[in-house]
Amino acid sequence: MAAATIVHDTSEAVELCAPCGLYLKPITKMTISVALPQLKQPGKSISNWEVMERLKGMVQTHQFSTLRISKSTMDFIRFEGEVENKSLVKSFLACLDGKTIKLSGFSDILKVRAAEYKIDFPTRHDWDSFFRDAKDMNETLPGERPDTIHLEGLPCKWFAAKETGSEKPSEEVLIKVFQKFGEIRNVDIPMLDPYREEMTGRNFHTFSFGGHLNFEAYVQYREYAGFIEAMNALRGMKLMYKGDDGKAVACNIKVSFDSTKHLSDASIKKRQLERQKLQELEKQREEQKRKEKEAEEKQKEEERKQRELEEYERERKREEKLRKREQKQKDREVRRNKKQLEKLQAEEQRKLQEKIKLEERKLLLAQRNLQSIRLIAELLSRAKVISIFISEANEEPNKTKSFAGLRGGGEHCSLNTRFATFQAAIP
């Protein structure tokens with residue numbers, strides 16, 4: 001769907017649901033085709049932007065709300081333009097249709113054709129003929145007759161319940177908006193059903209070009225009159241939202257009648273059965289996931305215990321290895337200390353022996369010195385005795401001569417005897 005556009009003039013807006021800030025505004029679009037001349041010079045081209053600016057200048061004092069290129073070929077450029085009010089469409093067409101554009105650098109003129117945008121909206125004849133000719137439809141049953149409107153491109157935020165703060169559309173708000181045209185029998189917003197995508201294989205979360213999240217919805221009226229009134233009110237209209245600040249934006253929505261029996265009792269029952277099956281399947285999947293998760297957790301727990309056991313075993317081996325290493329280191333230390341002690345003891349013993357030998361030597365030398373002293377003393381004593389003896393011997397002859405005649409040589413014998421006794425006394 002087209003992007004939401006800012007609305008400056010809301011005079012033509014029709015109230016849809018004022019409490020929700022929703023209105024209907026007439027679609028004021030037109031198609032503009034510009035025929036291009038045949039380009040004779042190679043490499044020369046016509047600027048789409050320049051053509052667009054010329055078109056904007058042709059509407060005099062008025063301005064387009066939006067103007068974009070819908071298709072561009074070698075023969076023509078097609079634009080889609082939109083204005084603020086329905087009353088301006090005719091004046092714009094008068095300024096554009098049948099006019100020509102002269103571009104600088106080109107001798108040929110460009111012809112302009114403009115017409116009011118043809119809205120793709122079903123007529124009463126379309127749904128009457130469809131349900132009349134459809135052989136699988138029973139017009140007496142709800143959902144199989146023209147009573148359901150299919151809407152696409154509705155902005156989610158515009159239909160969200162304000163009190164919840166959610167940006168998802170609400171079925172209550174949808175009923176509140178469209179019950180203006182008649183009593184509503186049923187509504188359905190596929191994107192709110194978490195199983196719908198799996199049931200249908202469709203993606204209901206579609207983004208618009210303007211970045212707003214859009215949704216599709218089905219609105220079923222209890223009476224045909226409500227359906228008719230809603231279709232007539234929505235024909236040629238786009239949806240407008242006016243905020244609390246007074247600013248308004250509008251976006252195009254696609255409206256059609258439901259031809260798929262979406263809200264028929266059979267389809268609703270079928271979806272309910274499919275939903276139940278999917279719920280059961282989901283429960284089974286969740287149960288399977290739970291069992292797989294439990295098995296995975298159990299396996300992880302066993303692996304964790306195994307890792308802890310392996311870690312404990314590695315730690316034990318490491319500690320055992322470390323203990324053995326420490327024991328070996330202690331044994332080496334003991335042996336080293338023992339060797340050092342033995343070495344120290346041997347060294348001390350050697351030093352002690354040397355000291356003993358030195359002391360013995362000193363004692364021996366002292367003894368020898370003492371013996372020497374004694375010997376010298378003895379020798380000196382003997383020398384003194386000899387000296388005395390000699391002195392006495394020198395004095396003895398004189399006495400001998402004087403007493404020789406008296407004693408007849410007896411004293412000489414006595415002297416020799418004393419000398420012999422002295423020599424015998426010397427060791």
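**Entry 1: aromatic pairs**

I searched the whole structure, which is a predicted model, and the search found nine aromatic pairs. I recorded two things for each pair I examined, because a pair of aromatic rings is described by the distance of the centres and the angle of the planes.

I began with tryptophan 127 and phenylalanine 227, whose ring centres are 5.2 Å apart. Their planes stand at 80 degrees, and an angle over 60 counts as edge-to-face, so I entered the pair as edge-to-face. I then looked up where the two residues belong. Tryptophan 127 is in helix H3 (residues 124–133), and phenylalanine 227 is in helix H6 (residues 224–234). The pair therefore links distant parts of the chain, 100 residues apart. I noted that tryptophan 127 and phenylalanine 227 are both buried.

My next pair was tryptophan 158 and tyrosine 241, with ring centres 5.5 Å apart. Here the planes make 15 degrees, and planes under 30 degrees apart count as stacked, so I entered this pair as stacked. Tryptophan 158 lies in the loop between strand E9 (148–155) and helix H4 (171–178), while tyrosine 241 is in strand E13 (residues 237–242), so the pair ties together parts that are 83 residues apart in sequence. Is tryptophan 158 buried or exposed? I found a relative accessible area of 8% for tryptophan 158; this is under 20%, so the residue is buried.

I also looked for rings joined into a group. Ring pairs link Trp127, Phe130, Phe131, Tyr224, Phe227 and Phe257 into a cluster.

**Entry 2: charges over rings**

I looked up lysines placed over aromatic rings. Lysine 29 lies over the face of tyrosine 117, at 4.3 Å from the ring centre. Lysine 242 has its charged end over the ring of tyrosine 23, at 5.3 Å from the centre of that ring.

**Entry 3: a five-stranded sheet**

I turned to the strands and asked in which order five of them form an open sheet. I read the order as E5-E6-E4-E8-E7, with antiparallel pairing. Strand E5 (66–72) and strand E7 (100–102) are the edge strands, each pairing on one side only. On average, neighbouring strands of this sheet are turned by 25 degrees against each other, direction ignored.

I then followed one pairing in detail. Strand E4 (residues 29–35) joins strand E8 (residues 109–116) in the antiparallel sense, over five bridges. Methionine 30 has glutamate 116, in E8, as its bridge partner.

Finally, I checked what packs on the sheet. Helix H2 (residues 87–96) does so, touching E4 and E8. I noted that the direction of H2 makes about 160 degrees with that of E8.

Note on methods: Residues numbered from 1 in each chain as written. Predicted model: local features only at pLDDT ≥ 70, side-chain atom pairs only at ≥ 80, totals over all residues. Heavy atoms only, no water. Pairing = 2+ DSSP bridges. Helix = DSSP H or I, 4+ residues; strand = E, 2+ residues; numbered from the N terminus. Axes fitted to C-alpha atoms, helices over the stretch in contact; angles between N-to-C directions. Contact = heavy atoms within 4.5 Å. Phe/Tyr/Trp six-rings, centres within 6.5 Å; stacked < 30°, edge-to-face > 60°. Buried < 20%, exposed > 50% of the residue type's maximum accessible area, 1.4 Å probe, protein only. Lys NZ or Arg CZ within 6 Å of the ring centre and 35° of its normal.
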